[in-house]
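Please work through the exercises below with the sequence and the model at hand. Each task is followed by a solution in steps.

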Amino acid sequence: MHLISHSPAWRTLETHWREIADLRMRDLFEQDPERSRRFSLEQCGIYLDYSKNLVTEQTMSNLMALAKTADLTFWGDSLLRGDKVNNTEGRAVLHMALRNLGYRDYQVDGVDVMPAIRSVLSRMRAFSDDVRSGRWLGYTGQRITDVVSIGIGGSSLGPKMVCEALRPYQERTLRVHFVSNVDGAQLVQTLQWLDPATTLFVIASKTFTTQETITNADSARDWCLEALHNEAAIARHFVAVSTNTEAVAAFGIDPHNMFEFWEWVGGRYSLWSAIGLPIALAIGMDRFEELLAGAHDMDEHFVEAPPERNMPIILALLGIWYNNFGGSDTHAIIPYNQNLRHLPAYLQQVDMESNGKRVTRDGEPVDYQTGPVIWGQPGTDAQHSFFQLIHQGTRLVPTDFILPMVSHHPLDEHHDKLVANCLAQAQALMRGRTEAEARAELEAGNIPAERIEKLVPHRIFPGNRPSNMIVVDKLTPHVLGALIAMYEHKVFVQGVIWGVDSFDQWGVELGKQLAGHILSDFRQISCSPGVDSSTASLIRRYHMAMPD
């Protein structure tokens with residue numbers, strides 16, 4: 001395939017950036033009172049205002065031409081058809097089928113996948129209803145009070161983020177915890193306040209061989225047996241989300257309590273599947289299906305809306321505009337909602353594991369930047385940590401502000417101040433403060449002239465820092481589903497334009513393989529041949545540090 005960077009559409013955008021780089025966003029707003037209306041749209045309970053970007057109508061037209069050059073429509077249709085768009089692993093990618101509440105037909109190798117999906121959803125409903133109602137009892141006959149989900153990567157990040165985001169919809173009678181790190185501290189500190197007789201474990205691993213997950217699961221099993229003293233207890237306190245029935249049964253889990261998902265469910269897109277069982281346990285299956293419905297609505301918008309009114313496509317193209325033409329290499333996600341504090345970490349995986357690639361689908365090295373570094377933190381905390389760099393640093397950092405207008409916890413004046421701060425940050429990034437404005441402000445403070453001259457350079461804000469304002473009325477399951485799906489489709493569009501396979505993740509494999517070799521070296525007096533001197537020295541230091 002030809003690199004997109006060699007296309008006329010790409011070269012047009014390179015020229016266009018040089019032409020408008022010196023435009024000031026504050027001037028664009030003053031020249032066009034309708035700018036906010038013309039650069040905004042609302043879909044699926046989400047209002048997107050992208051007017052605070054360094055773009056004109058010509059910019060957007062040029063970006064749309066780039067999407068057309070990349071044949072975005074073809075790849076979108078391939079995704080829907082169940083084609084093996086994950087070409088390096090030979091897999092279809094059908095996370096949209098998992099939340100298909102409409103009429104669409106999804107097939108893999110000619111087989112309709114919807115009956116199997118609906119069957120698993122039905123089993124999830126029955127099981128979560130039993131646990132939440134108290135019908136499912138532990139081995140000693142007590143009601144379950146705590147659920148511990150053990151997984152890693154997409155098997156943990158997505159459910160953890162959603163459960164925290166939708167905490168207002170949870171009941172106090174059932175607490176949900178997450179363990180992902182193989183560092184024993186996380187498991188020990190999670191379990192230390194729990195009662196084995198009232199704790200249920202959900203082990204999430206497609207193969208049931210993932211090193212970190214099974215290590216934690218084995219330790220949790222030991223903890224449970226130490227208190228309950230009978231192997232039969234495992235079947236009442238452990239369930240699995242997996243495809244490996246044999247390994248699940250060998251662990252002691254009743255295969256009837258294994259919830260299936262499929263190879264066409266990628267880890268970072270799996271919260272919509274049985275991997276979302278902890279979500280259903282936390283908020284109930286009705287709310288879980290509202291989450292699916294919100295994602296489905298965004299899927300339909302993405303599939304049906306024209307590019308110029310398509311929220312994920314617009315966000316994707318704006319990201320490419322700064323990443324490939326404006327010299328930006330990071331993107332900040334700032335939710336002004338404490339319950340969304342895990343969203344930036346979740347989107348790190350969705351974006352960086354998908355598009356952190358250096359070759360195209362055909363294996364040709366790219367000569368342009370692909371996935372940006374995704375990072376962030378909730379406002380207003382972010383304002384008092386890294387926003388200094390975004391406002392006055394030397395890097396261009398495009399920023400997404402995510403703002404619910406109505407709080408689940410309306411303490412007097414709190415939300416007014418939260419919203420005011422969010423709007424002010426976006427405005428300040430766009431407008432900045434000129435030298436004349438800084439000088440006038442200092443003079444109004446009756447500061448001596450000599451002091452003013454020293455302070456003025458420090459009080460200037462360049463402005464022209466781009467941001468998107470993503471507004472929802474209230475953070476509900478439906479809205480959250482739409483929000484997550486919006487970002488999923490954004491990442492897909494960017495991957496199509498860059499020509500990379502957004503659905504494999506070979507970059508995580510090498511470290512896993514080497515970790516296995518190093519583990520075997522721990523058990524030997526000397527290291528394996530070919531181990532570099534640094535690693536060998538560190539292995540020896542580890543042995544020396546171990547207690548006798």
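The exercises that follow concern a predicted model.

**Exercise 1. Aromatic pairs**

Task: Classify the ring pair formed by Trp17 and Trp321, and place both residues in the chain.

Solution.
- Step 1. The ring centres of Trp17 and Trp321 are 4.9 Å apart, and the angle between the planes is 65°. Pairing requires centres within 6.5 Å, and planes over 60 degrees apart count as edge-to-face. The pair of Trp17 and Trp321 is therefore edge-to-face.
- Step 2. Trp17 belongs to helix α1 (residues 8-20) and Trp321 to helix α15 (residues 311-325). With their positions 304 residues apart, the pair links distant parts of the chain.
- Step 3. Both Trp17 and Trp321 are buried.
- Step 4. Ring pairs join these two residues with Trp10, Tyr322, Phe325 and Tyr368 in a cluster. For the model, the count of aromatic pairs comes to 21.

**Exercise 2. Arginines over tryptophan rings**

Task: Which rings lie beneath Arg236 and Arg361?

Solution.
- Step 1. Arg236 places its charged end over the ring of Trp136, 4.0 Å from the ring centre.
- Step 2. Arg361 lies over the face of Trp75, and here the distance to the ring centre is 3.8 Å.

**Exercise 3. Packing of two helices**

Task: Describe how helices α8 and α16 pack, from the geometry of their axes to the residues that meet.

Solution.
- Step 1. Helix α8 covers residues 154-165 and helix α16 residues 343-355; their axes are 9 Å apart, at an angle of about 145°.
- Step 2. The crossing of α8 and α16 is left-handed.
- Step 3. On the α8 side, Gly154, Leu157, Gly158 and Met161 take part; they meet Leu343, Ala345, Tyr346 and Gln349 of α16.
- Step 4. Sorted by class, this contact of α8 with α16 has 5 nonpolar and 3 polar residues, and no charged ones.

**Exercise 4. The setting of an arginine**

Task: Is Arg26 buried or exposed, and with which residues is Arg26 in contact beyond its neighbours within four places in sequence?

Solution.
- Step 1. Arg26 is part of helix α2 (residues 25-31).
- Step 2. The relative accessibility of Arg26 is 12%. Buried means under 20%, so Arg26 counts as buried.
- Step 3. Leaving aside neighbours within four places in sequence, Arg26 contacts Met430, Arg431, Gly432, Arg433, Thr434 and Glu437.

**Exercise 5. Backbone features in loops**

Task: Locate the cis peptide bond between Gly379 and Thr380, and describe the settings of Glu413 and Asn446.

Solution.
- Step 1. The cis bond between Gly379 and Thr380 has an omega of about 10°. Thr380 lies in the loop between β11 (373-376) and α17 (387-392).
- Step 2. Glu413, although not a glycine, has a positive phi of about 75°. Glu413 is in the loop between β12 (399-404) and α18 (414-431), and its relative accessibility of 44% makes it partly exposed.
- Step 3. Asn446, also not a glycine, has a positive phi of about 55°. The loop that holds Asn446 runs between α19 (435-444) and α20 (449-459). Asn446 counts as exposed because its relative accessibility is 71%, where exposed means over 50%.

**Exercise 6. An aspartate in a loop**

Task: Where does Asp105 lie, and which residues does it contact?

Solution.
- Step 1. Asp105 is in the loop between α6 (95-98) and β3 (107-108).
- Step 2. At 47% relative accessibility, Asp105 counts as partly exposed.
- Step 3. Apart from neighbours within four places in sequence, Asp105 is in contact with Leu80 and Asp112.
- Step 4. The C-alpha atoms of Asp105 and Asp400 are separated by 34 Å, the two residues being 295 apart along the chain.

Technical notes: Residues numbered from 1 in each chain as written. Predicted model: local features only at pLDDT ≥ 70, side-chain atom pairs only at ≥ 80, totals over all residues. Heavy atoms only, no water. Phe/Tyr/Trp six-rings, centres within 6.5 Å; stacked < 30°, edge-to-face > 60°. Helix = DSSP H or I, 4+ residues; strand = E, 2+ residues; numbered from the N terminus. Buried < 20%, exposed > 50% of the residue type's maximum accessible area, 1.4 Å probe, protein only. Lys NZ or Arg CZ within 6 Å of the ring centre and 35° of its normal. Axes fitted to C-alpha atoms, helices over the stretch in contact; angles between N-to-C directions. Left-handed = near helix turned anticlockwise from the far one by under 90°. Contact = heavy atoms within 4.5 Å. Nonpolar A, V, L, I, M, F, W, Y, C, P; charged D, E, K, R; others polar.
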